[in-house]
Amino acid sequence: MKRFTAGLLTAAMSVSLLAGCGGNDSGTQSSGSGGSEAAGGTEASAGSEEAGAINFDEEPYEVVIENLTLGTDMPDLEMVEEAVNEITLPEINCTVKLLNIHIADHVTRLSLMAAGGEKIDIVTTGRTYSYPSMVSDGLLLPLDDLLEERGQGVMEKAADVIEACRIGDSIYSIPGPIHSYDGNGMIYNKEMAEEYGIEIPETITVEDVEEIAAKLKEANPDMYLLTKGTGEQDMMITLFYPNIVAFGVNAIYGAMDESDPELKVFNLFKTDEYREYLYKNREWYENGWVPQDSMVSGVNTRDVFTTQQSFCEFGTVSPIQMGVLSPSYDFELGMATMHEPETSTSGVQENGWGISINCERPDKAMDFLNLLYTNADVANLLSYGIEGVHYEKVSDRIIKYPEGVNAGNVGYSKVFSTFGDTLQIYQFEPVTEEAIDECIEISANADKSPILGFSFDPQPVSTQVSNVTNAIAEYLPGLIVGIYEKDEIDAQLDKMNEALDAAGMEDIIAEHQRQLDEWLAQQ
């Protein structure tokens with residue numbers, strides 16, 4: 001399956017926040033072997049006589065880590081931090097502080113923190129803020145020297161996929177899902193399906209989804225199939241056309257049909273498929289399957305699903321995904337697959353970890369990341385909290401909530417952030433030991449994207465990217481939500497394409513194609 005490279009099946013964010021995409025003149029991208037990387041290399045040996053050594057004579061450094069949440073209160077956060085610090089202090093002479101940020105605020109907060117010089121060391125990459133854009137905007141330090149000097153454990157774990165995080169000459173992120181594959185499908189409220197007598201097969205099509213939506217509306221006219229938030233971010237196109245991969249948030253860097261042997265980049269919004277897709281959005285809107293107030297409600301897609309105001313959402317499905325998501329909900333989940341699994345660049349880049357441009361000690365940040373991927377105790381503490389308080393073990397790799405504890409009252413939980421090696425961390429019931437092994441097998445045998453490892457560097461066309469982002473922000477939300485009649489869709493889409501042409505969309509596509517052709521020639 002193919003999907004947008006910025007984690008499209010997530011909570012909505014404002015695409016206008018990327019208006020400065022690529023416009024930062026800090027030179028992070030172009031100075032990959034200079035300024036920032038040199039600084040990182042210098043800091044890597046700060047306070048120690050030998051690069052890579054831990055200096056226990058200096059004061060411990062506090063590593064501040066972004067933790068993406070849904071805004072839920074975590075009264076036991078400090079308790080978990082203290083438990084982590086009991087390991088990190090003697091191991092790498094640092095302490096850890098988690099900075100909880102609502103996923104809907106992710107882009108805004110990172111941009112403001114970078115501009116204001118606010119302390120943050122480790123940030124999530126590629127979730128609602130595309131990884132290439134974060135690099136182009138100058139938010140991330142290059143990691144090559146740091147990985148070589150202090151990240152041997154990470155490099156060993158992520159050896160098969162880390163090159164997918166290379167942009168230009170440098171790597172700026174460590175993959176979160178180092179055993180990565182994309183298997184897209186529907187995540188739904190299983191209890192609601194049973195209540196309304198809706199049977200959902202293990203493998204579904206778009207036609208099946210529409211049939212489910214009709215049955216749901218008949219059973220409960222006030223229930224929505226799903227919500228598109230406020231429509232700033234497109235989420236569904238690749239469910240309808242699985243061969244299409246769109247680059248960047250809302251295809252700002254163009255799109256591709258991976259079944260095309262020539263691998264040509266094109267403007268997604270000028271295709272017949274996209275126009276038909278918008279017609280389908282209008283049908284869903286008219287049928288009442290999606291909220292008609294999405295443009296003004298300000299709701300977050302995940303929040304609506306969590307509070308059981310919608311039936312489903314679409315995202316990654318796998319044998320262990322149920323255990324990953326279940327702790328965040330007060331109801332039982334179900335999953336149905338729509339497309340065959342594939343290992344793609346976007347899948348590797350989503351939910352990664354980068355070191356912030358504001359990091360005072362990149363060496364200590366890398367020390368922590370290396371420990372995170374090699375120490376199962378640290379990874380499990382950050383993923384699930386403390387055994388006996390926030391979870392209890394069912395078997396070697398399976399856990400559940402203790403009696404009296406659930407997703408609504410647990411004192412600590414992680415929602416979106418991916419801590420450590422998936423094979424080292426526990427999984428919540430109903431995941432089984434067999435499901436974990438199945439996931440490992442699927443990952444090993446998943447088809448590989450023909451452009452796995454390629455990342456577009458938007459820096460050469462940063463001005464055009466900024467202009468295109470603004471043009472899309474002006475026209476796309478209403479089209480995606482479905483507020484326009486069919487003839488109005490045609491008019492609005494034509495206006496948007498005229499604006500995109502004027503903004504330099506074709507320049508972006510030409511540069512993208514040039515970089516891709518150059519990369520393909522080197523394979």
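# Cores, sheets and a buried helix in a predicted model

Let me start with a single side chain: leucine 372 touches Trp353, Val378, Ala379, Leu382, Phe419 and Gly420, leaving aside residues up to four places away in sequence. I should say at once that the model we are looking at is predicted, and I will come back to confidence in a moment.

Leu372 belongs to the largest nonpolar core, which has 70 residues, and it is listed there with Ile355, Phe368 and Leu382 as the residues with the most contacts inside that core. Helix H15, residues 362-374, gives this core its largest share, namely 7 residues. Apart from this core lies another one, of 68 residues, which has Met192, Leu239, Phe240 and Ala246 among its members. As general background, nonpolar side chains in soluble globular proteins tend to be buried together.

Now to confidence. The mean pLDDT of the protein is 82, and 84% of the residues score at least 70. Where does the confidence stay under 50? That is the case over residues 1-49, for which the model nevertheless has 158 contacts beyond four places in sequence. Helix H1, residues 35-44, has the lowest mean pLDDT among the elements, at 34, whereas helix H2, residues 77-92, has the highest, at 97.

As for the overall picture, the protein contains 20 helices and 17 strands, and of its 523 residues 61% are buried. Of the contacts with a separation of 6 or more, 81% are between residues 24 or more positions apart. The exposed surface comes to about 19600 Å², with carbon and sulfur atoms supplying 45% of it.

Let me return to the surroundings of Leu372 by way of helix H16, residues 376-384. How many residues of H16 are buried? The count is 7 of the 9, so this helix is largely enclosed by the rest of the structure. The buried residues are Val378, Ala379, Asn380, Leu381, Leu382, Ser383 and Tyr384, and they pack against H2, S2, H15, S15 and S16. Val378, Ala379 and Leu382 are also among the residues that Leu372 touches.

Two of those packing partners, S15 and S16, belong to an open sheet of 3 strands in the order S14-S15-S16, with mixed pairing. Strand S14 (392-393) and strand S16 (427-428) are the edge strands, each with a single partner strand, so that one side of each is left without a neighbour in the sheet. S14 pairs with strand S15, residues 398-400, in the antiparallel sense over 2 bridges, and glutamate 392 stands opposite lysine 400 in S15.

Another packing partner of H16 is S2. Strand S2, residues 94-102, is mostly covered, with 7 of its 9 residues buried, and it pairs with strand S1, residues 61-69, in the parallel sense over 9 bridges. Within that pairing, isoleucine 65 has leucine 98 as its bridge partner in S2.

Trp353 and Ile355 bring us to strand S13, residues 352-355, from which these two point one way and Gly352 and Gly354 the other way, all of them being buried. S13 is joined by 4 bridges to strand S3, residues 122-125, and the two run antiparallel; valine 123 stands opposite glycine 354 in S13.

Finally, I would like to look at a second open sheet. Its 3 strands come in the order S10-S6-S11, and the pairing is antiparallel. Strand S10 (312-316) and strand S11 (333-337) stand at the edges with a single partner strand each, so one side of each has no neighbour in the sheet. From one strand to the next, the twist averages 30°. Strand S6, residues 184-189, pairs with S10 over 5 bridges in the antiparallel sense, and cysteine 312 in S10 is the bridge partner of tyrosine 188.

Just one more residue, then: is serine 310 buried or exposed? Serine 310 sits in the loop between helix H12 (301-306) and S10, and with a relative accessibility of 1% it counts as buried. Its contacts, again leaving aside residues up to four places away in sequence, are Met192, Met223, Tyr224, Leu225, Leu226, Thr227, Val304 and Phe305. Met192 in that list is also a member of the core of 68 residues.

Key: Residues are numbered from 1 along each chain as its sequence is written. This is a predicted model: local features need pLDDT of at least 70, side-chain atom pairs count only at pLDDT 80 or more; totals for chains, interfaces and linings use all residues. Side-chain values use heavy atoms; hydrogens and water are left out. pLDDT is the predictor's confidence in each residue, from 0 to 100. Contact means heavy atoms within 4.5 Å. Buried means under 20% relative accessible area, exposed over 50%, partly exposed in between (1.4 Å probe, protein chains only). Accessible areas come from the Shrake-Rupley method with a 1.4 Å probe; for residues, only the protein chains shown count as cover. Two strands pair if DSSP finds at least two bridges between them. Axes are lines fitted to C-alpha atoms, for helices over the stretch in contact, and angles run from 0 to 180 degrees between N-to-C directions. A nonpolar core is a set of buried Ala, Val, Leu, Ile, Met, Phe, Trp, Tyr and Cys residues joined through side-chain atoms within 4.5 Å.
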